[in-house]
Amino acid sequence: MGKVQQFRCIECNKKATELHRDYRNGILKITICSSCQKPVDKYIEYDPVIILIDAILCKTQAFRHILFNTSLNIQWKLCVFCLLCEAYLRWSSLNSSEQSSDPADLIRYTREWEFYGMFALASLELSAFCGGVLLFVWLVLARLQKRSLEHGLLLKGLLLSSYGKVLLIPTVIWEHDYSPLCLALIKLFVLTSNSQAIRVILNSSRRFSLLTIGVGLLAESYVSQVCSSLPWGFKEMLNFE
């Protein structure tokens with residue numbers, strides 16, 4: 001027999017074997033949690049727009065529904081898409097201070113490789129952030145507290161909860177209208193969602209999730225500083241002029 005899929009009650013986080021029961025006459029009855037006596041997952045009857053709004057509000061129930069009770073697997077596509085937007089913003093700000101009217105093919109070739117460099121840098125920073133979070137959680141919970149961890153689920157949660165980066169799309173479209181404050185607010189929203197995802201997956205305190213995010217940010221900042229301080233640097237490496 002195959003392994004029975006484990007769901008979670010969105011109210012108390014207890015495991016459940018089913019979300020609803022399907023009767024022969026087509027009637028669906030939502031399963032009641034044996035622990036809290038509330039519906040295991042009320043969101044199975046909700047419109048996706050309502051679920052998205054609750055996720056934007058960082059409601060714990062919405063995060064549990066998405067992470068535990070759905071088969072949403074768009075995290076890698078979402079990750080690549082957001083990295084492309086972030087790379088374009090960095091690339092456009094890099095070239096805004098280096099305007100050139102020279103139409104030479106070499107200049108266009110250089111600009112193209114600068115974009116690839118910005119994409120690589122954004123990817124390295126994201127990898128450092130996720131790696132720092134995973135390593136810290138493994139050291140604290142797996143090694144010290146001897147708790148079992150689902151690293152794949154935690155990574156999925158980090159990538160999915162970074163959906164706030166799609167707000168970079170307007171800044172790509174209206175590239176002259178965005179401000180550092182806008183980008184800072186987007187970053188804050190993404191980190192808040194990351195913190196909530198960690199808290200939901202690990203069933204931990206808010207303090208621990210914020211500390212974990214802090215460790216990830218330190219790792220991301222370290223990689224960024226190392227890349228910018230290298231003698232060849234990303235910008236210099238791609239600058240053939």
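Here is a walk through the nonpolar cores and aromatic contacts of this structure. The model is predicted, so local features need pLDDT of at least 70 and side-chain atom pairs count only at pLDDT 80 or more, while totals for chains, interfaces and linings use all residues. Residues are numbered from 1 along each chain as its sequence is written, and side-chain values use heavy atoms, leaving out hydrogens and water.

Let's start inside. The largest nonpolar core (buried Ala, Val, Leu, Ile, Met, Phe, Trp, Tyr and Cys residues joined through side-chain atoms within 4.5 Å, with buried meaning under 20% relative accessible area, 1.4 Å probe, protein chains only) has 31 residues, and L67, F129, V137, L141, I198 and L202 touch the most other members. Helix 4 gives the largest share of this core, eleven residues. Take I198: beyond its neighbours within four places in sequence, its contacts (heavy atoms within 4.5 Å) include V133, L154, L158 and I213. There's also a second, separate core of eight residues, with Y43, A62, L78 and C82 among them.

Now for the rings. The structure has six aromatic pairs, meaning Phe, Tyr or Trp rings (the six-membered one for Trp) with centres within 6.5 Å; planes under 30 degrees apart are stacked, over 60 edge-to-face, and the rest tilted. F136 and F208 make a stacked pair, 5.8 Å centre to centre with 25° between the planes. This one links distant parts of the chain, since F136 is in helix 4 (residues 105-144) and F208 is in helix 8 (residues 206-229), 72 residues apart; helices here are DSSP runs of H or I, at least four residues, numbered from the N terminus. F136 is buried at 17% relative accessible area, and F208 is buried too, at 15%. Elsewhere, ring pairs join Y88, W91, F115 and Y116 into a cluster.

Terms used. Helix = DSSP H or I, 4+ residues; strand = E, 2+ residues; numbered from the N terminus. Buried < 20%, exposed > 50% of the residue type's maximum accessible area, 1.4 Å probe, protein only.
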